[in-house]
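Here are my notes on the model you asked me to look through. I have kept them short, so you can read them with the structure open beside you.

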Amino acid sequence: MTDQPRTIYLADYQPYPFRVEAVDLTFRLAPSATRVLARLRFAPNPDRPGRHDLRLDGENLRLIALALDGRQVDVTPDSTGLTIPADHLPEGVFTLETEVEINPEANTALEGLYMSRGLYCTQCEAEGFRKITFYPDRPDVMSVFRVRIESDLPVLLSNGNPVGAGPGWAEWNDPWPKPAYLFAVVAGDLAAFSADFVTMSGRKVALNIYVRPGDEDRCAYAMDALIRSMRWDEQVYGREYDLDVFNIVAVDDFNMGAMENKGLNIFNSRLVLASPATATDDDYGRIEAVIAHEYFHNWTGNRITCRDWFQLCLKEGLTVFRDQQFTGDMRSHAVKRIEDVLMLRARQFREDGGPLAHAVRPDSFIEINNFYTATIYEKGAEVIGMLKRLVGDADYDRALALYFDRHDGDAATIEDWLQVFEDTTGRDLSQFKRWYTQAGTPRVSVAEHWDGAGRFTLTFEQHNPATPGQRAKDPKMLPIAVGLLNPNGDEMVPTTVLEVTEARQSFTYDGLASKPVPSILRGFSAPVVLDHPTSPEVRAFLLAHDTDPFNKWEAGRALAKDLLSQMVTAGAQPGPDWLDALARVAFDDQLDPAFRALALRLPGEDDMAQTLAAAGHVPDPAVLHAARRRMAQALAERLAPGLPGLMPKLAEPGPFSPEARAAGRRALRLAALSLISRTDGGRAAEAAFAAADNMTEELGALACLLDIGRGQSEVAAFGRRWAHDRNVTDKWFAVQIAHAAPDALAGLTDTLTRHPDFDWKTPNRFRAVIGSLSGNHAGFHHASGSGYRLLVDWLIRLDPVNPQTAARMSTAFEVWHRYDAARQGMVRAELQRILATPGLSRDLGEMAARMLGD
């Protein structure tokens, strides 16, 4: 690695010795020599009394001048910043002025100020501001910013409200104190898609989405999502927007999805631009959710930020939970919950089960960029949901109101967050806090006992497995939602939340007329692995009768996973229990089409590998892939008589609509088309591709063809048709990787990386090809090791250019211990190859070392 990594510990936190009372910045933009002039007014911090050196962060800055209260000071920066000794500082308030030069054009890491095809833009979270100017770049240092931008570019933007502009300059003032990670500047030739919003107090807010000229016609849905988000936050949380303008800018080169900079959100263009011809239903859903997420940060992240980066889950987990609520209200809470759990299990449970497991609030890190993880975001949101479930809706609302009132303008902690709930409800949440401090996914086993005389007992045992750095753990507080059904399928006991607080704990129901069928963990009320031995007949009963939508879906999922496990380990074949149960769901017009589409989706291969490993089996990716294909073929043949009649019933007349009802019907149509393709040789999918008038069905039909080994002429036609559109071309690359035959994946990937449109320095394009490799489970884990070698070749190549993206892509190796010795040996060799690379970044080096675990 380029430098000796230093571990940072939560226990070492101390307040910064100074307060920054005001920040004035001037940017004189030039592609390779931008000048940044900073004027910072400091005052002693009473929370850190005494005399202290002034330490400012700074990287890749050429210091031109530095003055203290108008007097030039001779300071030599080091590689990470500069220090002015305490005895050189005036007592009380003082002003520091610096001038630095930076090179945005050469900034391929996309942190700080960089250029994206002629557009200047910034990314400062987590520690990018130190690449712009010398500053205490930490979230608990909050200040008001005034910014002047000087450039001949037509659009010059920063945080806050515009306060002046003229030929070649613009000035912005943000009246709300913020940490440096929320700072933003954008400059370029941009066009605005504009609207107005009137807040609940009657203030008019100007809304703008800035895009490259020619893209304005693909902004309407993003603007609609923004307006609905603003109104929803007022109605549900009582949060009103607090500036005169709200700007969004879409950029092509971006390491993340989007960034919540105060009043100036910067978005990956794929999460803004949408039209029926270029965006799928999944794209529309992501745009809606991410627009909402970044807007909701205005209060949960900006007005109240986190004291230090260990508290990252405070802003991210809460905001993910809020955007999940919003999407549920806009679309379907049942479908949204299933989708969220699928993502949680695929990403976070996987993370919790390997060497990268960490607590929702970690206690140490080397590189904070490596902790923007599913644990922080998705598990963090689950913890918020459990807390709401425990205290109830009314007390949750009261606690949030107190949180906003008490901590507006603060850099808060998890302790602050839990305290408002204790003050509101009188509950002791010390045990619940373990969700924040203990890593790992609890495993909960359930035993039933019926005494034959009206008493039914459920006994729960929780096991919290060891994770890196945490061997022994105490029991967590688990909210387990349970309902009881009678043998006719009617509710005997409605949903109640059982609070499991002990390692082993029983709950008894008395006075029951018959032995019930329990529906356990309704709504996925806690992020746990449930071990509840259940017969196929009971699972089929729950699939048919459970009134809880999540558990209804879960019963079908469990049937499929049980069967697929038996197919892999014992050579079983799909039988009528599962096939007939799925047939009833597929053709039940009383059920939401989106729910039916999810029910027909087979368990993924990575999900099944995780399930098999947890049961003590060593998963063979090739055997698993073949078994899943046999399973899909059996389902296709069972449903074949009814599927042709289902397709026309789901057709959507009239113009394309991205709304939930129409999207759900398209999802079921494509699920049916995928199954039909397995019995008709792809004829229906070829016709659907040719007739498609929207990207959802065009790309969906292409995927159906590729999945059965056909569609090469359609791939070529799709590539030619959309070669002018960067976001659609990303889809073209990704769909080929995702649906490649395992034996062909390495060769195909090599071919695609030689394609003239494969710009590997662009994060979206790199993710579309190299990032998609591990999603093709059997191909990536090919017995030859070709997938492993290919990924590491590209990670080593990308790391000097964009270490953040390289580090995030490396998580493909996080579960390598679950495979056979030969594959483990190959992965170990590849991780060692990464660590032996000269000049390795701290980002990728930390990830490889943690995964290697030696």
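The points below go through a predicted model, taking a helix pair, two sheets, several salt bridges and two single residues in turn.

1. **Helix 3 and helix 4.** Let's begin with two helices that pack together. Helix 3 covers residues 312–330 and helix 4 covers residues 333–352. Their axes lie 7 Å apart and make an angle of about 140 degrees. Roughly antiparallel would need an angle over 145 degrees, and the two helices are therefore oblique to each other.

2. **What meets what in that contact.** On the helix 3 side you will find Gln-324, Gln-325, Thr-327, Gly-328 and Asp-329, which meet His-333, Lys-336 and Asp-340 of helix 4. Sorted by class, this contact holds five polar residues, three charged residues and no nonpolar ones.

3. **A salt bridge from the loop between these helices.** Please also look at Arg-331, whose side chain meets that of Glu-288 in a salt bridge with an N to O distance of 2.6 Å. Arg-331 sits in the loop between helix 3 and helix 4, while Glu-288 belongs to helix 2 (residues 281–296), so the pair ties together parts of the chain that are 43 residues apart in sequence. Arg-331 is partly exposed, at a relative accessible area of 26%. Glu-288, by contrast, is buried at 2%.

4. **The three-stranded sheet.** Next comes an open sheet with strand order 27-26-29 and antiparallel pairing. Strand 27 (491–500) and strand 29 (517–520) are its edge strands, each pairing on one side only. On average, neighbouring strands are turned by 25 degrees against each other, direction ignored. Seven bridges pair strand 26 (residues 478–485) with strand 27 in the antiparallel sense. If you want a landmark, Leu-485 stands opposite Glu-491 of strand 27.

5. **A helix on that sheet.** Which strands does helix 9 touch as it packs on the sheet? Helix 9 (residues 536–545) touches strand 26 and strand 29. The direction of helix 9 makes about 70 degrees with that of strand 29.

6. **The four-stranded sheet.** There is also an open sheet of four strands in the order 28-25-24-30, and its pairing is mixed. Strand 28 (504–509) and strand 30 (529–531) stand at the edges with a single partner strand each, so one side of each is left without a neighbour in the sheet. The twist from one strand to the next averages 25 degrees. Strand 24 (residues 443–450) and strand 25 (residues 456–463) run antiparallel and are joined by eight bridges. His-449 has Thr-457 in strand 25 as its bridge partner.

7. **Salt bridges across the chain.** Searching the whole structure gives 75 salt bridges. One of them joins the side chains of Asp-725 and Arg-218, at 2.9 Å from N to O. This pair links distant parts of the chain, 507 residues apart: Asp-725 is in the loop between helix 19 (712–721) and helix 20 (726–738), and Arg-218 is in the loop between strand 17 (204–211) and helix 1 (220–237). Buried or exposed? Asp-725 is buried, with 7% relative accessibility, and Arg-218 is buried as well, at 12%.

8. **A salt bridge between helix 16 and helix 18.** Arg-678 forms a salt bridge with Asp-707, and the closest N and O atoms are 2.7 Å apart. Arg-678 belongs to helix 16 (residues 660–680) and Asp-707 to helix 18 (residues 695–707), 29 residues apart. Arg-678 counts as buried at 15% relative accessibility, whereas Asp-707 counts as partly exposed at 22%.

9. **A buried serine.** Ser-677 is also found in helix 16. Its relative accessibility is 1%, and it therefore counts as buried. Leaving aside residues up to four places away in sequence, Ser-677 touches Gly-682, Ala-685, Cys-704 and Ile-708.

10. **A salt-bridge network and an exposed alanine.** Arg-28, Arg-146, Arg-148, Glu-150 and Glu-171 are linked in a network of salt bridges. Separately, Ala-165 in strand 13 (residues 161–166) is exposed, with 61% relative accessibility. The C-alpha atoms of Ala-165 and Val-20 are separated by 26 Å, and the two residues lie 145 residues apart along the chain.

Terms used: Residues are numbered from 1 along each chain as its sequence is written. This is a predicted model: local features need pLDDT of at least 70, side-chain atom pairs count only at pLDDT 80 or more; totals for chains, interfaces and linings use all residues. Side-chain values use heavy atoms; hydrogens and water are left out. Axes are lines fitted to C-alpha atoms, for helices over the stretch in contact, and angles run from 0 to 180 degrees between N-to-C directions. Angles under 35 degrees count as roughly parallel, over 145 as roughly antiparallel, 65 to 115 as roughly perpendicular and the rest as oblique. Contact means heavy atoms within 4.5 Å. Ala, Val, Leu, Ile, Met, Phe, Trp, Tyr, Cys and Pro count as nonpolar, Asp, Glu, Lys and Arg as charged, and the others, Gly among them, as polar. Two strands pair if DSSP finds at least two bridges between them. A salt bridge is a side-chain nitrogen of Lys or Arg within 4 Å of a carboxyl oxygen of Asp or Glu. Buried means under 20% relative accessible area, exposed over 50%, partly exposed in between (1.4 Å probe, protein chains only).
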